[in-house]
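Thank you all for coming; I would like to walk you through one model this morning, going from its strands to its helices and then to its domains. Please have the sequence and the structure open while I talk.

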Amino acid sequence: MEIAPGIRVIQVPEEHVMRPVFTDIYLVGDGELLMIDTGEEADRFSQAMFSALVELGPSCKVAQVCVTHSHMDHCGGLRWARETLGATIRAHPAVIPKVEKKVGKDKIQPLKDGEVLKVGGKRIEVHFTPGHSEDSVCYFIRRERILFTGDTILGVGTTTVNDLYDYMATMEQLLKLKPRMILPGHGPVIPDASRTIQEYIAHRNMRERQISQQLQRAPRTAHGLVRAIYADVDKRLHRAARGNVRQHLKKLEKEGLVRVEGAGARAKYYWAG
Ligand SMILES: [Zn+2]
């Protein structure tokens, strides 16, 4: 499916509960193509990529494959891409040791933050965007203001965050690019890019405000915070909520706003702002 001139998506349906609707693989350029992500190492992905390329015809060739991060639902097809398509593989330096075993030693070239890839008449900027994972990368076509986000921003729902401090800095960085459209790693195209990024920021800020307010009243454990803040949420979701709260606490600690005493489940958090 062509989203914009020279920008196509291959959408592979998903049944996995943690992965919304479908996984996206992108083809950028004319004639010479850049592939962004490869999906999992599974026949349905290689078949989907293969039939998309057959449809484009013999004048199109995948010259490069870049990935958005090291998770296997994005990197799983790298070996196939290298061996079958003969493409050059590029990735964030931190991705390489994690996937090299599968892809082959010295077969992946590291990307640089701020680098511009020139493929098939397109200029694609490389932006290192840690948060969802330490090795997350977004790709940006400035001319069309199209942003490829991997799992940093999803087509539906909110994503998981490995480091919230980095993630929030990434959100501000992406907002400054003033993207028009987001092409996520899973789910449909997001037409209203800036508003979606602002909503992601607002959602996290609301939770952070609630945590700060609670701690300003009295020191609490992570569990105590969950009970106070997620009082009207189904108890079965409290475990996931605790992970979320811990991320906020880690960020606030990094900013010097929160101080912790003790460790593990008994760790108590004090407001230090
Ligand atoms: Zn993913």
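Let me begin with a single pair of residues: alanine 4 has isoleucine 7 of E2 as its bridge partner. Strands E1 and E2 are paired in the antiparallel sense over two bridges, and in their hairpin, which has two residues between the strands, glycine 6 takes a positive phi near 75 degrees. When I say that strands pair, I mean that DSSP finds at least two bridges between them, and the strands (E, at least two residues) and helices (H or I, at least four residues) are themselves DSSP runs, numbered from the N terminus.

Before going further, a word on the source. This is a predicted model, in which local features need pLDDT of at least 70 and side-chain atom pairs count only at pLDDT 80 or more, while totals for chains, interfaces and linings use all residues. Residues are numbered from 1 along each chain as its sequence is written.

Now to the sheet that holds this hairpin. It is an open sheet of seven strands with mixed pairing, in the order E1-E2-E3-E4-E5-E6-E7, and its edge strands, each pairing on one side only, are E1 (2-4) and E7 (108-110). On average, and with direction ignored, neighbouring strands of this sheet are turned by 30 degrees against each other; angles here run from 0 to 180 degrees between N-to-C directions, and axes are lines fitted to C-alpha atoms, for helices over the stretch in contact.

Within this sheet, strand E2 (residues 7-13) and strand E3 (residues 22-28) run antiparallel and are joined by seven bridges. Isoleucine 10 is partnered by isoleucine 25 in E3, and valine 9 by tyrosine 26 in E3.

What packs on the sheet, touching E2 and E3? That is helix H1 (residues 43-56), whose direction makes about 150 degrees with that of E2, and by touching I mean that the C-beta atoms of two residues, placed from the backbone, lie within 7 Å. Helix H3 (residues 78-85), in turn, lies across E4 (32-36), E5 (61-66) and E6 (88-91), and runs at about 155 degrees to E5.

Let us move to the other sheet I want to show. This open sheet has five strands in the order E8-E9-E10-E11-E12, again with mixed pairing, and E8 and E12 (181-184) are the edge strands, each pairing on one side only. Its neighbouring strands are turned by 25 degrees against each other on average, direction ignored.

At one edge, E8 (residues 116-119) and E9 (residues 122-128) run antiparallel and are joined by four bridges. Leucine 117 has isoleucine 124 of E9 as its bridge partner, and lysine 118 stands opposite arginine 123 in E9. The hairpin of E8 and E9 has two residues between the strands, and there glycine 120 takes a positive phi near 50 degrees.

Turning to helix pairs, H5 (residues 164-176) and H6 (residues 193-217) pack at an angle of about 155 degrees, with their axes 10 Å apart. That makes H5 roughly antiparallel to H6, where angles under 35 degrees count as roughly parallel, over 145 as roughly antiparallel, 65 to 115 as roughly perpendicular and the rest as oblique. Met168, Met171, Leu174 and Leu175 of H5 meet Ser194, Ile197, Gln198, Tyr200, Ile201 and Arg204 of H6. By class, this contact has seven nonpolar, two polar and one charged residues, with Ala, Val, Leu, Ile, Met, Phe, Trp, Tyr, Cys and Pro counted as nonpolar, Asp, Glu, Lys and Arg as charged, and the others, Gly among them, as polar.

The other pair is H7 (residues 222-229) and H8 (residues 238-254), whose axes come within 9 Å and cross at roughly 115 degrees. That makes H7 roughly perpendicular to H8. The contact is made by Ala222, His223, Leu225 and Val226 of H7 together with His238, Ala241, Arg242, Val245, Arg246 and Leu249 of H8, and by class it has six nonpolar, two polar and two charged residues.

Finally, the domains. The protein chain is divided into domain 1 (2-191) and domain 2 (204-271), with bounds that come from an automatic or database domain assignment. Their centres, taken over C-alpha atoms, are separated by 34 Å. Four residues of domain 1 are in contact with six residues of domain 2, and on the side of domain 1 that touches domain 2 the residues divide into four nonpolar, no polar and no charged.
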